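This briefing introduces a single protein chain to a reader who has not met it before. Please view the sequence and the structure first, and then read the points grouped by topic.

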Amino acid sequence: METPGSLDAHRLAGGPTDADIDLYRQLSADIAAGVAVVSTSLRNRDYAATVSGFLSVSYEPPTMLVSLYAESRIGEAVEEAGTWALSLLSGRHRGAADWLASPGTPLQGLLAQIPFRRGPATGSAIIDGALAYFELRTVAIHPAATHLLVVGEVLAMGSGASPAEAPDPLVHFGSGYRHLAP
C-alpha cells in the first residue's frame with residue numbers, strides 16, 4: 001500500500017555541491033558491508049588495502065567485483081598486475097583493517113606486522129585466519145566516477161578461519177566497525 005504524502009528528498013541539481021557530497025557520505029555510511037583486504041604482488045612488491053566495496057557477481061563461473069579508488073596505489077597495482085586476492089576479515093582482524101585503511105602507510109614493509117601466506121594461484125597475500133579468501137584474475141575493469149570496478153574470475157578459494165570465528169565477520173556500518181548480534 002502506498003503511503004500518502006511526499007518524501008522530503010534532497011535533490012541534486014547539476015554537479016554535486018560540497019553539501020551534497022557531505023549528505024551522501026552521511027547517508028551511505030548506513031550501508032552495512034563486510035570488510036576485506038584486497039592484495040596483489042607487482043614487481044616483487046606487495047600491495048594491500050582495506051575495502052568494503054566488493055560483491056559476488058556470479059556462481060558460474062565464480063566471479064567477484066571490487067571497487068578501488070582509481071588513483072590509489074592498490075588500484076593502479078591491481079590494474080597492472082592482472083591478478084589479485086580478496087581476504088574476508090573476522091572481528092579479530094580489526095587492527096589489520098585499520099592499518100591497511102590508513103592513508104600514507106609505507107609501501108616498504110606494508111605487511112610486516114600482518115600474518116599472511118601466499119596464494120598458490122596468484123602469489124598475492126592471503127590474510128591468516130580469513131573467513132574466506134579468493135584469488136582472482138581480472139576479466140574486466142570499468143571506470144566509475146573516481147573508482148575502478150574490477151571484475152575478477154576466481155582461480156582459487158578457501159577459508160582460514162576456525163569454526164568459532166565464522167560467526168564473527170568484521171562489518172562496517174555507520175562509519176565504524178560493528179559486530180553481528182549472536
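Strand β1 is joined to strand β11 (residues 171-173) by 2 bridges, and the two strands run antiparallel. The model described here is predicted. Its protein chain contains 3 helices and 12 strands.

**The sheet of β1, β11 and β12**

- Within the pairing of β1 and β11, Gly34 has Val171 of β11 as its bridge partner.
- An open sheet is formed by 3 strands in the order β1-β11-β12, with antiparallel pairing.
- The edges of this sheet are β1 (33-34) and β12, each of which has a single partner strand, so one side of each is left without a neighbour in the sheet.

**Strand β2 and its partners**

- Strand β2 covers residues 36-42, and 6 of its 7 residues are buried.
- Strand β3 (residues 45-51) runs antiparallel to β2 and is joined to β2 by 7 bridges.
- Across this pairing, Ala36 stands opposite Val51 in β3.
- The two strands β2 and β3 make a hairpin with 2 residues between them.
- In the turn of that hairpin, Arg43 has a positive phi of about 50°.
- Strand β6 (residues 83-88) also runs antiparallel to β2, and 4 bridges join them.
- In the pairing with β6, Val38 stands opposite Leu86.
- As a general point, strands of a sheet pair through backbone hydrogen bonds, either parallel or antiparallel.

**Helix α3 and its cover**

- Helix α3 spans residues 94-101, and its residues Ala96, Ala97 and Leu100 are buried.
- Viewed down the helix axis, the buried residues of α3 fall within an arc of 100°, so they line one face of the helix.
- An α-helix has 3.6 residues a turn, so residues three or four places apart point the same way.
- The cover over the buried residues of α3 includes β2, β3 and β12 (176-178).

**The chain as a whole**

- The C-alpha trace spans about 55 × 40 × 35 Å along its principal axes.
- The protein chain has 182 residues, of which 38% count as buried.
- Of the contacts between residues at least 6 apart in sequence, 63% join residues at least 24 apart.
- The chain exposes about 10900 Å², and carbon and sulfur atoms supply 55% of this area.
- There are 11 positive and 18 negative charges, and their mean positions are 8 Å apart.

Terms used: Residues numbered from 1 in each chain as written. Predicted model: local features only at pLDDT ≥ 70, side-chain atom pairs only at ≥ 80, totals over all residues. Heavy atoms only, no water. Buried < 20%, exposed > 50% of the residue type's maximum accessible area, 1.4 Å probe, protein only. Pairing = 2+ DSSP bridges. Arc of directions from axis to C-beta. Contact = heavy atoms within 4.5 Å. Areas by Shrake-Rupley, 256 points an atom, 1.4 Å probe, with all protein chains shown as cover. Lys, Arg positive; Asp, Glu negative; His and termini not counted. Charge placed at Lys NZ, Arg CZ, Asp CG, Glu CD.
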